[in-house]
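Please walk me through this protein model, beginning inside the sheet and working outward to the helices and loops. Plain prose is enough.

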Amino acid sequence: MDFTGKVVVITGASSGIGEALVYAFADRGAKVVMGARNSAKLAEIAAQLFTRGIESAFEATDVTREEDCKRLIDKALSAFGRIDILICNAGISMRALFDDVQLDVLRQLMDVNFWGMAAMTHAVLPVMRRQGSGRIVNLS
């Protein structure tokens with residue numbers, strides 16, 4: 001697919017699936033806005049994109065913090081003036097038997113994987129409504 005000129009915001013963009021999505025969308029013409037906790041890694045990715053002539057922006061983002069989610073959306077708007085696609089990719093996993101897991105680990109899992117997605121969606125919905133368009137993709 002061709003995403004030329006589309007603005008794509010991706011959380012969890014500093015590694016794994018998120019980083020792969022950054023390059024996949026960039027290679028298809030998108031302007032990419034990256035959010036993740038590791039700002040040094042985001043800066044490296046942005047520099048690589050720049051050398052390839054691809055426009056990007058990034059913001060250190062912890063999706064468990066509503067103000068970080070809003071700041072990432074604001075960064076996208078200040079850089080590119082719109083948001084066409086939000087990909088909520090930030091997430092953590094847990095590998096253990098349920099009776100061996102502390103409840104605080106499960107709370108953190110829900111804070112990142114569910115509430116982080118909810119906070120990002122909440123932050124972008126007014127923008128997409130004003131624009132009259134937009135797509136939200138949640139990975140789990």
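Strand 2 is mostly covered, with five of its six residues buried; buried means under 20% relative accessible area, exposed over 50%, and partly exposed in between, using a 1.4 Å probe and protein chains only. Helices (H or I, at least four residues) and strands (E, at least two) are DSSP runs numbered from the N terminus. This is a predicted model, in which local features need pLDDT of at least 70 and side-chain atom pairs count only at pLDDT 80 or more, while totals for chains, interfaces and linings use all residues. Residues are numbered from 1 along each chain as its sequence is written, and side-chain values use heavy atoms, with hydrogens and water left out.

Strand 2 covers residues 31–36 and pairs with strand 1 in the parallel sense over five bridges; two strands count as paired if DSSP finds at least two bridges between them. Along this pairing, valine 7 stands opposite lysine 31, valine 9 has valine 33 as its bridge partner, and threonine 11 stands opposite glycine 35. Strand 2 also runs parallel to strand 3, and five bridges join the two. One of the pairs here is alanine 36 with alanine 60 of strand 3. Strand 2, helix 2 and strand 3 together make a right-handed β-α-β unit. A crossover is called right-handed if, with the strands pointing away from the viewer, the path from the first strand over the helix to the second runs clockwise.

Strand 1 (residues 7–11) is mostly covered too, and five of its five residues are buried. Which way do the residues of strand 1 point? Val7, Val9 and Thr11 point one way, Val8 and Ile10 point the other way, and all are buried. From strand 1 the chain crosses through helix 1 (residues 16–27) to strand 2, and this β-α-β crossover is right-handed. Strand 1 also pairs with strand 4 (residues 85–88), in the parallel sense over three bridges. In that pairing, the bridge partner of valine 9 is leucine 86. Valine 9 thus has a partner in strand 2, valine 33, as well as one in strand 4, leucine 86.

These pairings belong to an open sheet of five strands with the order 3-2-1-4-5 and parallel pairing. Strand 3 and strand 5 (135–138) stand at the edges, each with a single partner strand, so one side of each is left without a neighbour in the sheet. On average, neighbouring strands of this sheet are turned by 15° against each other, direction ignored. In general, strands of a sheet pair through backbone hydrogen bonds, either parallel or antiparallel.

Next come the helices against the sheet. Helix 2 (residues 39–51) packs on the sheet, where it touches strand 2 and strand 3, and its direction makes about 175° with that of strand 3. Contact here means heavy atoms within 4.5 Å. Axes are lines fitted to C-alpha atoms, for helices over the stretch in contact, and angles run from 0 to 180 degrees between N-to-C directions. Helix 4 lies across strand 1, strand 4 and strand 5 and runs at about 175° to strand 4.

Helix 4 (residues 103–131) also meets helix 3 (residues 66–80): their axes come within 9 Å and cross at roughly 35°. The crossing is right-handed, meaning that the near helix is turned clockwise from the far one by less than a right angle, whereas an anticlockwise turn would be left-handed. The contact involves Glu66, Cys69, Lys70, Leu72, Ile73 and Leu77 in helix 3, and Gly116, Ala119, Met120, Ala123, Val124, Val127 and Arg130 in helix 4. These residues divide into nine nonpolar, one polar and three charged. Ala, Val, Leu, Ile, Met, Phe, Trp, Tyr, Cys and Pro count as nonpolar, Asp, Glu, Lys and Arg as charged, and the others, Gly among them, as polar.

Glutamate 67 is in helix 3 and is partly exposed, with a relative accessible area of 41%. Threonine 61 lies in the loop between strand 3 (56–60) and helix 3. Is threonine 61 buried or exposed? Threonine 61 is buried, because its relative accessible area is 4%. Not counting residues up to four places away in sequence, threonine 61 touches Gly35, Ala36, Arg37, Asp68, Cys69 and Leu72.
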